[in-house]
Amino acid sequence: MNYVLKPFADVESETWDRWVKMLDDATYLHSAMWLDYSHALVGASDCHSFAILDQSGMPLAICPLGFSQATAGGIAFKEAIWYGAPLGLA
């Protein structure tokens with residue numbers, strides 16, 4: 001199967017939300033509104049949300065993805081979360 005990855009930043013909000021509505025397991029955590037908010041928390045360089053489309057342009061998956069800087073036990077690391085706000089998993 002051929003598929004296309006579409007970065008969130010390259011998709012209009014209306015199109016993104018239409019794709020979200022087409023996926024039964026998607027929630028508000030996948031919406032353009034939530035991702036705009038979440039991306040603002042971490043900054044553009046740490047935002048990697050994307051959609052996976054089939055060859056006909058139908059969405060197969062919406063993948064919210066961002067990285068936050070954290071420290072534990074004096075060790076700095078990156079984690080896949082929006083500074084405590086949940087990632088949408090479906």
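Contact means that heavy atoms lie within 4.5 Å. The model is predicted: local features need pLDDT of at least 70, side-chain atom pairs count only at pLDDT 80 or more, and totals for chains, interfaces and linings use all residues. Residues are numbered from 1 along each chain as its sequence is written, and side-chain values use heavy atoms, with hydrogens and water left out.

**Exercise 1.** Determine which residues of α1 and α2 meet, and describe how the two helices cross.

*Solution.*
Step 1. Helices (H or I, at least four residues) and strands (E, at least two) are DSSP runs, numbered from the N terminus. Helix α1 covers residues 13–22 and helix α2 residues 32–42.
Step 2. From α1, Ser13, Trp16 and Asp17 meet Ala32, Leu35 and Asp36 of α2. By class, this contact has three nonpolar, one polar and two charged residues (Ala, Val, Leu, Ile, Met, Phe, Trp, Tyr, Cys and Pro count as nonpolar, Asp, Glu, Lys and Arg as charged, and the others, Gly among them, as polar).
Step 3. The two axes come within 9 Å and cross at roughly 115°. Axes are lines fitted to C-alpha atoms, for helices over the stretch in contact, and angles run from 0 to 180 degrees between N-to-C directions.

**Exercise 2.** State the strand order of the sheet, and explain why β1 and β3 each have one side without a neighbour.

*Solution.*
Step 1. The open sheet has three strands in the order β1-β2-β3, with antiparallel pairing (two strands pair if DSSP finds at least two bridges between them).
Step 2. Because β1 and β3 (59–63) stand at the edges, each has a single partner strand, and one side of each lacks a neighbour in the sheet.
Step 3. From one strand to the next, the twist averages 15°.
Step 4. Helix α1 packs on this sheet and touches β1, β2 and β3; the direction of α1 makes about 110° with that of β3.
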